[in-house]
Amino acid sequence: MGVDSIRRIDRADRDAARRYRVAMLALTLALAVLAPQQPTTAPHPDADNFREWLTFVQPSTDEEAYRTIGWRNALWPAVQEAQQLGRPILLWTMNGHPLGCT
Amino acid sequence: MVWSDARVQQLSREFVTVADEAYMLYPEDEWNLKRVADAPQHRFFKAYGERMPEGDWHHPGTKQGLYMIGPDGEYLEGRFAASGLPDDITARLERALERWQTLRKEKGYANKAVPRVVSSAPPEVADRPFVLRVHSRDLPRHEGQQCRFDPARDQQAGWMDFTRWAWNENWLALDDGRALVPDADGPQQQPVDPRLVRRIAQQVLIDNVRGQAGTWPETAVKHATLTMERGPVTKGRATIVYRGEVELDDGQRSIRAELYGEGLYEPKVRDLERFELVALGTRTGAHTFNQRNDDRGPAPIGFAIVRWRPEPLPKEPGANVERRQR
């Protein structure tokens, strides 16, 4: 193989390598834009922000609307009450008590 | 979504409304099933379920759902894993009440007015003297993230979209709140009994935001401290400031959090009138039913822990109002 051929091959290799690096850089930037954002660090609670975070974590009135229904917390006493009143029962049941951790 | 609907709320007042735990009413495993076999609530619920139309009663399997039941267990309406759509639940309630009108005449039920009640707490804590109510919620992972239900966006959301606004709660009952009050004769800043701090960490600092997770084993509590600092007394009440840290790690999941809180104490009656604490930190991992397998973190999480008292009874002139709990 002549020297000129070797030089052409070397240049071709360098060009290929450069194109590869550019492509990888573009891919990396694209992934950085499209990838899910990393979670922020948890805030430090203190006297200034504590009440704001308390309100944030606690459910709002809308989120607690289920409590406006007025739920007894055990079926059998409710059945006895219904029998005494002669009224039907609406039972809401979940794994984990609905008024607790579900 | 369902319970905030005005029509659902209106119709529910025609019923004796009750919430109870499905797995305790009708367990899915043999051991627990034998244990409750003779319990009246299980027998009542089972008998009702066996009267339901095929497809509405899920057996074997989960019995979670909404059920409308006559006083003697008669079928009116209901479905396991009932939908979260107000229109569907409204339709079921209306059908139930139509059937009720026929049933009550047939059987001569008195159909007396149902007293208004206030929602309570789960029965294992409801009557205890000092109860902590704990809420959990994901904290924002990026600027502007709300982590709350948005009616404009979420009213017709799909089932799994709940992770956008998920929150959950937990409860812990203490014999009294004095362990959270500094000794008047002690230094201004004192440690809260480490056994209580560990108990709080183990039992309620649990990532249950998206669903149930187990309590922490003792060995998972790597660090749990809380101090309480007396503040000035104003109008007979003393303020208390709480600061602390926890680190929990059982190999499958972890939580590291800082705690800050404030309390209000009335020395005369020795009552911790108000107790409010937040724990803000980072969680990793997944556990049992908390639906974190595709979201193992690390990610920020928050807890709010407050003293709970039964809600006041609604003030309605002439209302027959009671608090109903076991």
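Chain A has 3 helices and 1 strand, and you'll be working with a predicted model of it together with chain B. Grab the structure and work through these.

**Exercise 1: Getting to know chain A**

Work out in which order the elements of chain A run, and what share of its residues count as buried.

*Solution.* Start at the N terminus and walk along: the order is α-α-α-β. Next, look at burial. Chain A has 102 residues, and 40% of them count as buried.

**Exercise 2: Sizing up the interface**

Describe the contact between chain B and chain A: how many residues does each chain bring, and how much area is buried?

*Solution.* Step one is the residue tally: 95 residues come from chain B and 59 residues from chain A. Step two is the area, which is about 7,100 Å², with carbon and sulfur atoms giving 59% of that. Step three is to find the big contributors on chain B's side. Trp3(B), Val16(B) and Val18(B) supply 11% of the area that chain B buries against chain A, more than any other three residues.

Now turn to the polar side of things. The interface holds 7 salt bridges and 48 residue pairs in polar contact. As for the residues of chain B that touch chain A, they split into 49 nonpolar, 26 polar and 20 charged. For a salt bridge to look up, try Glu63(A) and Arg148(B), whose side chains meet at 2.9 Å, N to O.

**Exercise 3: A strand pairing across chains**

Find the strand of chain B that pairs with β1 of chain A, and say which way the two run.

*Solution.* First locate β1(A), residues 89-94; its partner is β2(B), residues 65-69. Then check the direction: the two are antiparallel, with 5 bridges. To see a single bridge, go to Leu91(A), whose partner in β2(B) is Tyr67(B).

**Exercise 4: Asn111(B) at the border**

Where does Asn111(B) sit, and which residues does it touch?

*Solution.* Begin with its place: Asn111(B) lies in the loop between α5 (86-107) and α6 (123-126) of chain B. Leave out residues up to four places away in sequence, and its contacts are Leu85(A), Gly86(A), Arg87(A), Trp100(B) and Arg104(B). Finally, pick out Arg87(A): its side chain makes a polar contact of 3.4 Å with the side chain of Asn111(B).

**Exercise 5: Buried or exposed?**

Decide whether Asn170(B) is buried or exposed, and find what surrounds it.

*Solution.* Asn170(B) belongs to strand β5 (residues 167-174) of chain B. Its relative accessibility is 14%, and the cut-off for buried is under 20%, so Asn170(B) counts as buried. Beyond its neighbours within four places in sequence, its contacts include Cys101(A), Leu132(B), Val134(B) and Ile206(B). That last residue, Ile206(B), is 36 residues away in sequence, yet the C-alpha atoms are 8.7 Å apart in space.

**Exercise 6: Following a hairpin**

Trace β9, β10 and β11 of chain B: how many bridges join β9 to β10, and how many join β10 to β11?

*Solution.* Take β9 (residues 253-266) and β10 (residues 271-285) to begin with: they pair antiparallel over 14 bridges. Here Tyr265(B) stands opposite Leu272(B). Between these strands are 4 residues, and Arg270(B) in this hairpin has a positive phi near 55 degrees. Move on to β11 (residues 299-308), which is joined to β10 by 8 bridges, also antiparallel. One pair to spot is Glu276(B) with Val306(B) in β11(B).

Notes. Residues are numbered from 1 along each chain as its sequence is written. Chains are lettered from A and ligands numbered from 1 in the order in which they are written. This is a predicted model: local features need pLDDT of at least 70, side-chain atom pairs count only at pLDDT 80 or more; totals for chains, interfaces and linings use all residues. Side-chain values use heavy atoms; hydrogens and water are left out. A polar contact is a pair of N or O atoms within 3.5 Å; within protein, one must be able to donate a hydrogen and the other to accept it, and residues adjacent in sequence count only if both atoms are side-chain atoms. Contact means heavy atoms within 4.5 Å. Two strands pair if DSSP finds at least two bridges between them. Buried area is the accessible area (1.4 Å probe) that two parts lose on being put together, summed over both. A salt bridge is a side-chain nitrogen of Lys or Arg within 4 Å of a carboxyl oxygen of Asp or Glu. Ala, Val, Leu, Ile, Met, Phe, Trp, Tyr, Cys and Pro count as nonpolar, Asp, Glu, Lys and Arg as charged, and the others, Gly among them, as polar. Buried means under 20% relative accessible area, exposed over 50%, partly exposed in between (1.4 Å probe, protein chains only).
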